[in-house]
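Colleague: I have a chain open on my screen and want to learn how to read it. Could you take me through it, feature by feature?

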Amino acid sequence: MEGCKGARSKEIEDVLILSGDHLYRMDYMDFVHNHRQSGADITISSVPMDDSRASDFGLMKIDNKGRILSFSEKPKGEDLKAMQVDTTVLGLSKEEAQKKPYIASMGVYVFKKEILLNLLRWRFPTANDFGSEIIPASANEFFIKAYLFNNYWEDIGTIRSFFEANLALTQHPPRFSFYDETKPMYTSRRNLPPSKIDNSKIVDSIISHGSFLTNCFIEHSVVGIRSRISSNVHLKDTVMLGADYYETEPEVVALFAEGRGPVGIGENSKIQDCIIDKNARIGKNVVIANSEGVQEGDRSDEGFYIRSGVTVILKNSVIQDGVVI
C-alpha cells in the first residue's frame, strides 16, 4: 500500500507496472503515449504468438479495435483455438498474422492512476496478482486495451527458460543483443580485472570478467564473473554464474591440503546441460550430464536438483571428486 500512498500524493496520471523476470528492451514512453492516446483505463503490453508456444502463456481475446474482451490462462486444445484473433488489428502484416494468431500478455501494464487505486483499495484489497486476478475480473467493466510489442521478449521465470535465454546470447548474431549503443543496458560496476585464459579453446561462448580458465574447452556456454575453470575441463551448454569473491593462492593451497577444493571446477570434469549457481565447488573428475534423461529430481542434500531436464548446482554447494550426476 506504500505505492498507493505515493501515487495519491503526487500529480500522477498513470502508473506503469513491470515484471522482473522477463528479458526484453522496450520504449516505455511509446507504451504510455499509446495508452493515453487510446483513452484506455488499462493497457496491457502483448506479444504475438504462434501455435507452438501459445499454450504456455495467458492469452487474450480482442475485438477489431484492440479492446480486450476476455482472458484464458494457458489454454489447451479447443480452448486454445478459441483464443485465436486477427492480429492485423494490432499492426501485424497479414502474413505475420497467419503465423501468429494469438496474443499473450507480457505482464507489463499501464493503469490510469484512479482506476488502479480503486481496484487495489476497494475492489480487490486481498488480491495478490494482476494477471490472474485483478485484470481478468475487470475486463467487463473497464476499457482494457492491448498494445503490440513485436520484438524480442522472453519470460525467464522458469529454470528451462532462464537456461535457454542465457545460452541464446551466444548465438551469431544473438536474437537479443546487449551491444546496442543507442539503447544501452546498464549493470553494477564491479571494477574487476580482465579474464585470464591460458591454452584454452572457447567456441560460441561468453566469458565474463575476472575469470581464470586453464587448458579447458568451453563450448556454447556462459561463464560468469570470477569463475575458476581448471585443466582438461569440458563445459558444454552450461550457464556458470561465477563467484561473489576470490580465493587467494595461499587459500587454494590450504584447501587442497585439507582435502577440499576451491570455488570453481576441478580438473578433468565434464559438465553439460547445467546451471552452476554462485560459489559452487565442483571437484576433480566430476561428470554432470544427466545421462539418464531425468526431467525432475530433488537432491538438494547432495547439492543439486533437476528441473525440466536441466541440472542445477546449488549456490555454495560442494560436489565431491568423482561424482557422476
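Modeller: Start with contact, which means heavy atoms within 4.5 Å. Thr 87 shows how to use the term. Leaving aside neighbours within four places in sequence, Thr 87 is in contact with Leu 92, Ala 97, Lys 100, Pro 101, Tyr 102 and Ile 103. One caution on the source: this is a predicted model, where local features need pLDDT of at least 70 and side-chain atom pairs count only at pLDDT 80 or more, while totals for chains, interfaces and linings use all residues. Residues are numbered from 1 along each chain as its sequence is written, and side-chain values use heavy atoms, with hydrogens and water left out.

Colleague: Is Thr 87 buried or exposed?

Modeller: Buried means under 20% relative accessible area, exposed means over 50%, and partly exposed is in between (1.4 Å probe, protein chains only). Thr 87 has a relative accessible area of 1%, so it is buried. Lys 76 is exposed, because its value is 52%.

Colleague: Where do Thr 87 and Lys 76 sit along the chain?

Modeller: Helices (H or I, at least four residues) and strands (E, at least two) are DSSP runs, numbered from the N terminus. Thr 87 is in the loop between H4 and helix H5 (94-99). Lys 76 is in the loop between E5 and helix H4 (77-81). Lys 76 and Ala 139 are 63 residues apart in sequence and 22 Å apart in space, C-alpha to C-alpha.

Colleague: What does the whole protein chain come to in helices and strands?

Modeller: It has 9 helices and 24 strands. Its C-alpha atoms fill a box of roughly 70 × 45 × 40 Å, taken along the principal axes. Of the 325 residues, 42% are buried. Take the contacts between residues at least 6 apart in sequence: 55% of them join residues at least 24 apart.

Colleague: How do I read one helix, say H7? Which of its residues are buried?

Modeller: An α-helix has 3.6 residues a turn, so residues three or four places apart point the same way. In H7 (residues 130-138), the buried residues are Ile 134, Ile 135 and Ser 138. They fall within an arc of 85° seen down the axis, so they line one face of the helix. The arc is that of the directions from the helix axis to the C-beta atoms. The cover over these buried residues includes strands E3 (42-49), E5 (68-73), E6 (102-112) and E7 (144-148), along with helix H6 (113-123).

Colleague: And the core?

Modeller: In soluble globular proteins, nonpolar side chains tend to be buried together. A nonpolar core is a set of buried Ala, Val, Leu, Ile, Met, Phe, Trp, Tyr and Cys residues joined through side-chain atoms within 4.5 Å. The largest one here has 23 residues, and Ile 44, Phe 111, Leu 119 and Ile 144 have the most contacts inside it. H6 gives the most to this core, with 4 residues. A second, separate core has 21 residues, including Ile 218, Leu 235, Met 240 and Ile 306.

Colleague: What does Ile 144 touch?

Modeller: Beyond neighbours within four places in sequence, Ile 144 is in contact with Ile 42, Ile 44, Gly 66, Arg 67, Ile 68, Ile 135, Ser 138 and Ala 139.

Colleague: How many cavities are there of 30 Å³ or more?

Modeller: On a 1 Å grid over the protein atoms alone, a cavity is a set of points where a 1.4 Å probe fits but cannot get out; lining residues have an atom within 4 Å of a point. Grid points are joined across faces, edges and corners, and a volume is the space filled by probe spheres set on the points. The count is 2. The largest holds about 70 Å³. Its lining is Phe 212, Arg 226, Arg 228, Ala 243, Tyr 245, Tyr 246, Glu 247 and Val 263. The second largest holds about 40 Å³, and its lining includes Arg 226, Met 240, Val 263 and Asn 279.

Colleague: What is notable in the backbone?

Modeller: Look at phi and omega. Asn 279 has a phi near 65°, a positive value in a residue other than glycine. Asn 279 lies in the loop between E18 and strand E19 (281-282) and counts as buried at 3% relative accessibility. Asn 290 also has a positive phi, about 50°, although it is not a glycine. The peptide bond from His 172 to Pro 173 is cis, with omega near -10°. Pro 173 is in the loop between H8 and strand E9 (196-198).

How values were computed
1 Å grid on protein atoms, 1.4 Å probe; cavity = no way out; pocket = protein on both sides within 12 Å on 5 of 7 lines; lining within 4 Å.
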